[in-house]
Amino acid sequence: MLRGSCLCKGVVYEVEQLDSAIQHCSCLSCQKAHSAAFNTAAAVEDRHFHWVQGQELLRSFESSAGKWRYFCGRCGSQLVARREGQPWVLRVASLDDDPGVRPVQRIWDSHRRPWLADSDELVGYPEWEPGH
């Protein structure tokens, strides 16, 4: 069982398993919704997903026809998205537990923005940069 939550820990969910590979999506709506270069997601079927607490805090937004994004109304963390009749699309970064698998592909590369590109060539620090 994998557990996940929003930033304020008001909303908590559990998933028994991921039902698809993990992928990074760079479509413009994911970029805008997450204020990030991409969203990392995996499908989870209804029978493998359930809310543990905080369902009353959930809010939603129809970001494109028939696609609803669900987020915590207190802290704003996006947790899942869904189209009727399809599995939940879990925002994998909201997991508190390591799913034991890694992303296998990127989608919507046509929307990637070069000025947001991540690379191992960037200097990295374990926490803040020196002098911060």
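Which strands make up the open sheet, and in what order do they stand? In this predicted model, select β1, β2 and β5 to begin, since the open sheet holds three strands in the order β1-β2-β5, with antiparallel pairing. With the sheet on screen, turn to its edges: β1 (2-5) and β5 stand there with a single partner strand each, so one side of each is left without a neighbour in the sheet. Viewed across the strands, the sheet has a twist that averages 30° from one strand to the next.

Next, restrict the selection to β1 and β2, which pair in the antiparallel sense over four bridges. To place the register of this pairing, pick L2, which stands opposite V15 in β2.

**Aromatic rings**

Now display the side chains of Phe, Tyr and Trp, among which a search of the whole structure finds six aromatic pairs. Start with Y13 and W51, whose rings lie 6.3 Å apart centre to centre with 85° between the planes, an edge-to-face arrangement. Because Y13 belongs to strand β2 (residues 12-15) and W51 to strand β5 (residues 49-53), this pair ties together parts that are 38 residues apart in sequence. Are these two residues buried or exposed? Y13 has a relative accessibility of 0% and counts as buried, and W51, at 17%, counts as buried too, the cut-off being under 20%.

Keep W51 selected and add W88, where the ring centres are 6.0 Å apart and the planes stand at 85°, so that this pair is likewise edge-to-face. W51 lies in strand β5 and W88 in strand β9 (residues 88-91), and the pair therefore ties together parts that are 37 residues apart in sequence. W88 counts as buried, with a relative accessibility of 11%. Extending the selection to F49 and Y70 completes a cluster, in which ring pairs link Y13, F49, W51, Y70 and W88.

Before leaving W88, show the side chain of R82 as well, for its charged end sits over the ring of W88, at 4.4 Å from the ring centre.

**A loop arginine**

Move on to R74, in the loop between β7 (67-72) and β8 (78-83). R74 is exposed, its relative accessible area being 55%. What does R74 contact once its neighbours within four places in sequence are left aside? Select C8, G10 and L57, with which R74 is in contact on that basis. For a distance across the model, pick the C-alpha atoms of R74 and Y125, which are separated by 31 Å and belong to residues 51 apart along the chain.

**Cysteines**

Finally, select the cysteine sulfurs; how many disulfides does the structure hold? The structure holds zero disulfides. C6 is in no disulfide, and the nearest cysteine sulfur, that of C8, is 3.6 Å away, whereas a disulfide would need the two sulfur atoms within 2.5 Å. C6 counts as buried, at 3% relative accessibility. C75 is also in no disulfide, with the nearest cysteine sulfur, that of C72, lying 3.8 Å away. Unlike the buried C6, C75 is partly exposed, with a relative accessible area of 27%.

Notes. Residues numbered from 1 in each chain as written. Predicted model: local features only at pLDDT ≥ 70, side-chain atom pairs only at ≥ 80, totals over all residues. Heavy atoms only, no water. Phe/Tyr/Trp six-rings, centres within 6.5 Å; stacked < 30°, edge-to-face > 60°. Helix = DSSP H or I, 4+ residues; strand = E, 2+ residues; numbered from the N terminus. Buried < 20%, exposed > 50% of the residue type's maximum accessible area, 1.4 Å probe, protein only. Lys NZ or Arg CZ within 6 Å of the ring centre and 35° of its normal. Pairing = 2+ DSSP bridges. Axes fitted to C-alpha atoms, helices over the stretch in contact; angles between N-to-C directions. Contact = heavy atoms within 4.5 Å.
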